[in-house]
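Please look through the structure shown below and follow the paragraphs that come after it. They go from pairs of charged side chains to helices and then to the spaces inside the model.

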Amino acid sequence: MRGLHTQVSEIRKNIFVEIARIAYESENVKEDIAAIPYKISPDEIPRFRESIYRERAISVERTRLAMGLSLRPQNKPVHVTSGLKESTIDEVYYEAPLMQVIPSACNACEDNVFEVSSLCKNCISHQCMEVCPRGAITHDEGRGAYIDQSKCIKCGKCKEVCPYDAIGRKVRPCSVACGIKAIESDDYGRAVINQNKCLSCGMCMVSCPFGAIADKSQIFQMIRCLKNGGEVVAEIAPAYAGQFGPEVTSDKIYAALCELGFSHVYEVALGADIGAVTEAHDYVRHVKTGEIPFLLTSCCPAWAMLAKMQFPEIIDSVSKELTPMVATARSIKKEHPNAKVVFIGPCAAKKLEAMRTSVRSDVDFVITFEELDAIFAARGIDPAAVSGSGHLHNATAAGRGYGVAGGVAEAIEKCIRQYYPDTEVLVEHAEGLDECRKILLQAKAGRKNGYLIEGMGCPGGCVAGAGTLIPVLNAKKEVRKVVESSSKEMPAKELREIELK
C-alpha cells in the first residue's frame with residue numbers, strides 16, 4: 001500500500017538521511033560513506049536478515065544506489081565508494097539503469113504458482129481434481145489435495161472451484177506491479193529487470209516487500225551544489241500537497257525549501273498551465289482537422305516512452321509540448337541564467353527524463369519527495385514548524401490539478417471548452433502502464449480517433465508516484481484542496497511563457 005510506513009521505507013529513509021548529513025557535514029566522505037552499513041546495523045544481531053553480514057552487504061548496495069552509483073559487479077569486490085567523485089558535482093546526470101534489483105536482497109519469490117494450503121478439508125467431491133485439465137491434482141486421505149507442479153499449467157481452475165478457498169496463488173509482487181512485464185528471473189530465481197522494457201516508473205520498487213529494488217539518487221550531489229554557494233532554484237510538482245503533513249501549506253513548503261538554501265521556489269503547475277493551453281490548441285488545430293487521428297498527452301515520461309517505444313506507428317500523435325517540469329525549468333533559466341534548477345516531485349521516471357540531451361541544460365537535479373523528506377530530517381527542519389516570508393507563485397487551478405489521474409485531460413478539456421466553445425471534445429484517460437498499453441492498442445486500431453488521451457504511468461497519477469510519502473487517497477484530497485483554493489481557475493488563451501514575477 002502506497003504511503004504505508006514500513007521497515008523498508010524506514011531503512012531507505014535512514015540511508016538517505018545519513019548521505020544527506022555526510023554531504024552537508026563530512027570532511028572524510030569515503031570513510032563516512034563506508035560506515036553507513038554499520039550505522040544501519042550497529043550491533044552483531046541482525047534485525048531483517050538471517051545474518052548480519054548479508055544485512056550489511058545489502059546496505060552497501062543501497063548506499064551505492066543512493067549515492068547515484070551503480071551496483072557493484074557480482075564477483076568483483078570493489079569498495080562501497082568506488083567511482084565516487086568527492087568534489088561538488090554540478091554536471092553529473094542519472095545514468096541508466098535507474099531501477100536496479102539488489103541480488104542479495106531479493107527473496108527469489110515464486111511467480112504464478114498454485115499450491116494447496118492447510119485449509120484443505122480433504123473433501124470427497126474433489127472438485128479441484130475434476131476441473132484440472134492436466135491431471136495435476138491428486139488426493140491423499142492423510143494430507144488432502146496435492147498439486148504436481150510439473151504438470152500444472154497455471155490455469156487457476158482449481159482455485160476457482162475450491163469451496164474452502166484452500167488453493168492459493170503465489171505471485172511475485174514486483175512482477176504484478178509492472179504493467180509492461182519487464183520483471184524477469186535470473187538463473188537463481190531472483191528478479192531481474194529487463195532494461196530494454198523498463199520505463200523507470202518505480203512501481204516494482206514500491207511493491208517489493210523486501211526492499212530489493214532501489215533507484216539511484218542525486219541528493220549527495222545536489223546538497224554539495226547547494227553548499228557551493230551558487231544560485232540554486234527549486235521547482236516543485238503539484239503533487240506536493242499533503243506529502244509533508246496536512247498542516248504544511250504552500251507557504252510553509254516554500255519557507256522550508258528556502259531554509260535548506262534554495263534561492264527561489266516555483267510551482268511546476270506554472271509549466272502545466274502552458275501545457276494545458278498548448279495542447280488545447282493542438283487538439284483543435286490538428287485532431288479536429290484530421291491532421292492526426294488523436295492527441296496523446298506528454299507530461300508523464302513513462303506513458304510517453306511507452307507510446308514511443310512500443311507503438312512507433314502512432315508517435316506523431318504524442319504531443320510535442322514540453323513537460324511541465326521542462327517548461328518551468330526553461331522559464332526559470334531565462335529569469336536566472338546562472339542558476340541550477342532542481343525538480344522536486346513524486347516521480348522516479350523524471351530522473352531519466354532529466355538526463356536526455358535535450359533536457360540536461362534545463363534541469364540539473366531531480367529528487368523525490370521521499371528524498372526531500374530525508375534531507376529535512378538530516379537538517380532538523382520540520383516543515384510544519386517553519387515560518388518565513390514569501391510564497392509559491394500563483395499557478396491556476398487547471399495546472400495544479402495535473403497531480404491526479406484525469407487532471408491533465410480535465411484541464412485541457414476545460415481550456416478547449418473555454419477557448420473553442422463550439423468544439424466537441426472527446427476525452428479518455430488511463431492510469432497504470434497496463435491500462436495505458438491497452439488504450440494505446442485501441443488507439444492504434446483506430447478505435448480512439450478524435451480523442452484527447454491522457455496517460456499516467458502510476459495508478460492514481462503523480463500522487464501515486466514512487467517517490468511519494470502518503471496514501472494515494474489522502475494525496476488526492478490534498479491536491480483537490482489546493483486546486484479549489486486557487487485564485488485563478490484557467491490560464492489565458494494566448495499563454496506562451498511563464499510569468500515568474
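Is Lys13 buried, partly exposed or exposed? The model is a predicted one, and in it Lys13 has a relative accessibility of 28%, so this residue counts as partly exposed, since the buried class ends under 20% and the exposed class begins over 50%. The side chain of Lys13 meets that of Asp373 in a salt bridge, with 3.1 Å from N to O. Because Lys13 belongs to helix H1 (residues 7-25) and Asp373 to helix H15 (residues 369-379), this pair ties together parts of the chain that are 360 residues apart in sequence.

That pair belongs to a longer list, for a search of the whole structure finds 27 salt bridges. Another of them joins the side chains of Glu313 and Lys444, at 3.3 Å from N to O. This pair, too, links distant parts of the chain, with Glu313 in the loop between H12 and H13 and Lys444 in helix H18 (residues 433-444), 131 residues apart. Glu313 has a relative accessible area of 52% and is therefore exposed, while Lys444, at 44% relative accessibility, counts as partly exposed. Salt bridges can also be joined to one another, and here Arg12, Asp215, Lys351, Glu370 and Glu371 are linked in a network of them.

A salt bridge within a single helix is found in H17, where the closest N and O atoms of Glu410 and Lys414 are 3.3 Å apart. The two residues are four apart in helix H17 (residues 407-419), which means that about one helical turn separates them. Glu410 has a relative accessibility of 31% and so counts as partly exposed, and Lys414 is likewise partly exposed, with a relative accessible area of 35%.

The rest of H17 can be read in the light of that pair. How far apart are the end C-alpha atoms of H17? They are 18 Å apart, which agrees with the 18 Å that its 13 residues should span at 1.5 Å a residue. Although Glu410 and Lys414 are partly exposed, Gly407, Val408, Ala409, Ala411, Ile412, Cys415, Ile416 and Tyr419 of this helix are buried. What covers these buried residues includes two helices, H11 (269-287) and H16 (397-400), and two strands, E14 (426-431) and E15 (451-456).

Helix H13 can be followed in the same manner. It has twelve residues and reaches 17 Å from its first C-alpha to its last, close to the 16 Å expected at 1.5 Å a residue. H13 is mostly covered, as nine of its twelve residues are buried, and among these buried residues are Pro324, Met325, Ile332 and Lys333. They pack against strands E9 (232-236), E10 (264-267), E12 (340-345) and E13 (365-368), and also against the helices H11 and H14. H11 thus appears both in the cover of H17 and in the packing of H13.

From H13 the way leads to the enclosed spaces. The structure holds seven cavities of 30 Å³ or more, and the largest has a volume of about 270 Å³. This largest cavity is lined by 24 residues, of which Cys299, Cys300, Cys347, Lys350 and Cys462 are the closest to its centre. Helix H12 (301-310), helix H13 (324-335) and helix H14 (349-353) each supply at least two residues of the lining. Sorted by class, this lining has 19 nonpolar, four polar and one charged residues.

What volume of space lies in the largest pocket? The answer is about 660 Å³, and the 25 residues that line this pocket include Arg2, Gly3, Leu4, Thr6 and Ser9, which lie nearest its centre. H1, helix H8 (203-207) and H15 are the elements that give two or more residues to the lining, and H1 gives the most, with five residues. By class, the lining of the pocket divides into eleven nonpolar, eight polar and six charged residues. The path thus returns to H1 and H15, the two helices in which Lys13 and Asp373 lie.

A last place to visit is Cys162, in the loop between helix H6 (157-161) and strand E5 (167-170). Its relative accessible area is 17%, so Cys162 is buried. From C-alpha to C-alpha, Cys162 and Met129 are 9.8 Å apart in space, while 33 residues separate them in sequence.

Conventions
Residues are numbered from 1 along each chain as its sequence is written. This is a predicted model: local features need pLDDT of at least 70, side-chain atom pairs count only at pLDDT 80 or more; totals for chains, interfaces and linings use all residues. Side-chain values use heavy atoms; hydrogens and water are left out. On a 1 Å grid over the protein atoms alone, a cavity is a set of points where a 1.4 Å probe fits but cannot get out, and a pocket is an open set with protein on both sides within 12 Å along at least five of seven lines; lining residues have an atom within 4 Å of a point. Grid points are joined across faces, edges and corners, and a volume is the space filled by probe spheres set on the points. Ala, Val, Leu, Ile, Met, Phe, Trp, Tyr, Cys and Pro count as nonpolar, Asp, Glu, Lys and Arg as charged, and the others, Gly among them, as polar. A salt bridge is a side-chain nitrogen of Lys or Arg within 4 Å of a carboxyl oxygen of Asp or Glu. Buried means under 20% relative accessible area, exposed over 50%, partly exposed in between (1.4 Å probe, protein chains only). The expected span of a helix is 1.5 Å times one less than its number of residues. Contact means heavy atoms within 4.5 Å.
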